[in-house]
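Reader: Hello! I'd love a close look at a single part of this structure. Could you take one helix and walk me through how it sits among its neighbours?

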Amino acid sequence: MISISVAALVFGVVFLAELPDKTALAGLILGTRYRASYVFAGVAAAFLVHVVLAVAAGSVLTLLPQQLVHALTGVLFLGGAAMLLLRKDEAEEEVRRPEDQSFLKVAGAGFMLILVAEFGDLTQIMTANLAARYDDPLSVGLGAVLGLWAVAGLGIVGGKALMKRVPLVLITKIAALLMLGLGVWSLWEAIAG
């Protein structure tokens, strides 16, 4: 059974952490050059692959003693918060243009771009942490996939308008604050448990 509260929490954390990431910018670039639905299909498939891998890795962590898992996820969340706060703005990367506008070419370009760019990314590591923390792979996977898809959709369709209204720095700080809270909470549970 899927826990709506776990899926919603994961959605929020992943959404906020991914929004200022380079892949949202890549989706925006692809979305301005190609048919949005084709780009989204490729990007969504790549994010699904990443979430499945992350949830599988996090599920393996649940085999460890609970206190150790809480301590490990707490440290990783604190590290993720530090990474968000300390990272410098990333320049837009050049995206290669497929030879034609066919579904396979455009979706394939989106899929490959995200598959490579997101491997081992902060949100993939966070998804593994959340899967270990909640021991609820379906809820975590659903929340993470929906969060990533929402960011991709925003990036592809309306990224420029959003960035004009909400500063990227503010989004990054909110995501870091959420991760900091999750890290402190996990460490407290490791010590108290």
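Author: Happy to! One term first: contact here means heavy atoms within 4.5 Å. Please keep in mind that this is a predicted model.

Let's take helix α3, which covers residues 36-61. With 26 residues at 1.5 Å a residue, α3 should span 38 Å, and its end C-alpha atoms are 37 Å apart, so the two values agree. Many names come up when we ask which residues of α3 are buried: among them are Tyr38, Val39, Gly42, Val43, Ala46, Phe47, His50, Val51, Ala54, Val55 and Gly58. In an α-helix there are 3.6 residues a turn, so residues three or four places apart point the same way.

Now zoom in on Val51, which lies in α3. Its relative accessible area is 4%, and because buried means under 20%, Val51 counts as buried. Beyond its neighbours within four places in sequence, Val51 is in contact with Thr127, Gly141, Ala144, Val145 and Leu148. Take Gly141 from that list: Val51 and Gly141 are 90 residues apart along the chain, yet their C-alpha atoms are separated by 6.1 Å.

Stepping back, the largest nonpolar core has 27 residues, and Val10, Val39 and Val140 touch the most other members. Two or more residues of this core come from each of α1 (4-18), α3, α5 (103-118), α6 (122-134) and α7 (137-165). The largest share, seven residues, is given by α3. Val140 also reaches our helix: leaving aside neighbours within four places in sequence, its contacts include Val55, along with Val6, Val10, Thr127, Leu130, Ala131 and Tyr134.

How values were computed: Residues are numbered from 1 along each chain as its sequence is written. This is a predicted model: local features need pLDDT of at least 70, side-chain atom pairs count only at pLDDT 80 or more; totals for chains, interfaces and linings use all residues. Side-chain values use heavy atoms; hydrogens and water are left out. Helices (H or I, at least four residues) and strands (E, at least two) are DSSP runs, numbered from the N terminus. The expected span of a helix is 1.5 Å times one less than its number of residues. Buried means under 20% relative accessible area, exposed over 50%, partly exposed in between (1.4 Å probe, protein chains only). A nonpolar core is a set of buried Ala, Val, Leu, Ile, Met, Phe, Trp, Tyr and Cys residues joined through side-chain atoms within 4.5 Å.
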